[in-house]
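Hi,

Here is the structure I promised to pass on. Have a look at it first, and my notes follow underneath.

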Amino acid sequence: MNQLEEGIALDLDFGKLAKVAATGADVLPVVLQDHDSGDVLFVGYANEEAVKVSLRERIAVLWSTSRNELWRKGATSGDTLTLVDIRVNCEQNSLLYVVRRTTGGACHTQSSSGAPRPTCYYRAIVDEASLEHVR
């Protein structure tokens, strides 16, 4: 079991943005939200190319900060997210992709039953050191 993804110990990655910045990639944070449920699915990053491809192909396309490449969500998992809208915040330094799930899943992790999770936010912070599963 991957303790980071499935465990109940709190281990927040406060260095994530520094790691992204260190790559030198020109990216914006992207919140992905399900159009129908309003659920926040996950947070990713997009560069200019990812935004252009998303608009052209009408699917969620992001920039993978771990692989440093364009990432068409669902290309390997099958959990494609159809693009409904791209919104920009007031300072134009973050984006909101409003999407529809084509399958039940959005997260790369799976529930204990083996089903893809519908969102990456499946645990809640209980206290300063622990988490609990909520979905």
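The lining of the largest pocket splits into 22 nonpolar, nine polar and nine charged residues. Bear in mind that this is a predicted model. The pocket itself holds about 1700 Å³ of space, and 40 residues line it. If you want to find its centre, look for Lys16, Phe42, Val43, His108 and Cys120, which lie nearest to it.

As for where the lining comes from, two helices are on the list of elements that each supply at least two residues: helix 1 (3–6) and helix 2 (16–22). Strand 2 (40–46), strand 3 (61–64), strand 4 (69–72) and strand 7 (123–125) each do so as well.

Now for the cysteines. How many disulfides does the structure hold? Zero. The pair to check is Cys107 and Cys120: the sulfur of Cys107 has its closest cysteine sulfur in Cys120, 3.1 Å away. A disulfide needs the two sulfurs within 2.5 Å, so at 3.1 Å this pair is too far apart for a bond. Looking from the other side, the closest cysteine sulfur to that of Cys120 is the one in Cys107. Their surroundings are worth a look too: Cys107 counts as buried, at 3% relative accessibility, while Cys120 is partly exposed at 27%.

Last, the rings. There is one aromatic pair in the structure. You will also find the charged end of Arg117 sitting over the ring of Tyr122, 3.8 Å from the ring's centre.

Cheers

Definitions and conventions:
Residues are numbered from 1 along each chain as its sequence is written. This is a predicted model: local features need pLDDT of at least 70, side-chain atom pairs count only at pLDDT 80 or more; totals for chains, interfaces and linings use all residues. Side-chain values use heavy atoms; hydrogens and water are left out. Buried means under 20% relative accessible area, exposed over 50%, partly exposed in between (1.4 Å probe, protein chains only). Rings of Phe, Tyr and Trp (its six-membered ring) pair if their centres lie within 6.5 Å; planes under 30 degrees apart count as stacked, over 60 as edge-to-face and the rest as tilted. A charge sits over a ring if NZ of Lys or CZ of Arg is within 6 Å of the ring centre and within 35 degrees of the ring normal. On a 1 Å grid over the protein atoms alone, a cavity is a set of points where a 1.4 Å probe fits but cannot get out, and a pocket is an open set with protein on both sides within 12 Å along at least five of seven lines; lining residues have an atom within 4 Å of a point. Grid points are joined across faces, edges and corners, and a volume is the space filled by probe spheres set on the points. Helices (H or I, at least four residues) and strands (E, at least two) are DSSP runs, numbered from the N terminus. Ala, Val, Leu, Ile, Met, Phe, Trp, Tyr, Cys and Pro count as nonpolar, Asp, Glu, Lys and Arg as charged, and the others, Gly among them, as polar.
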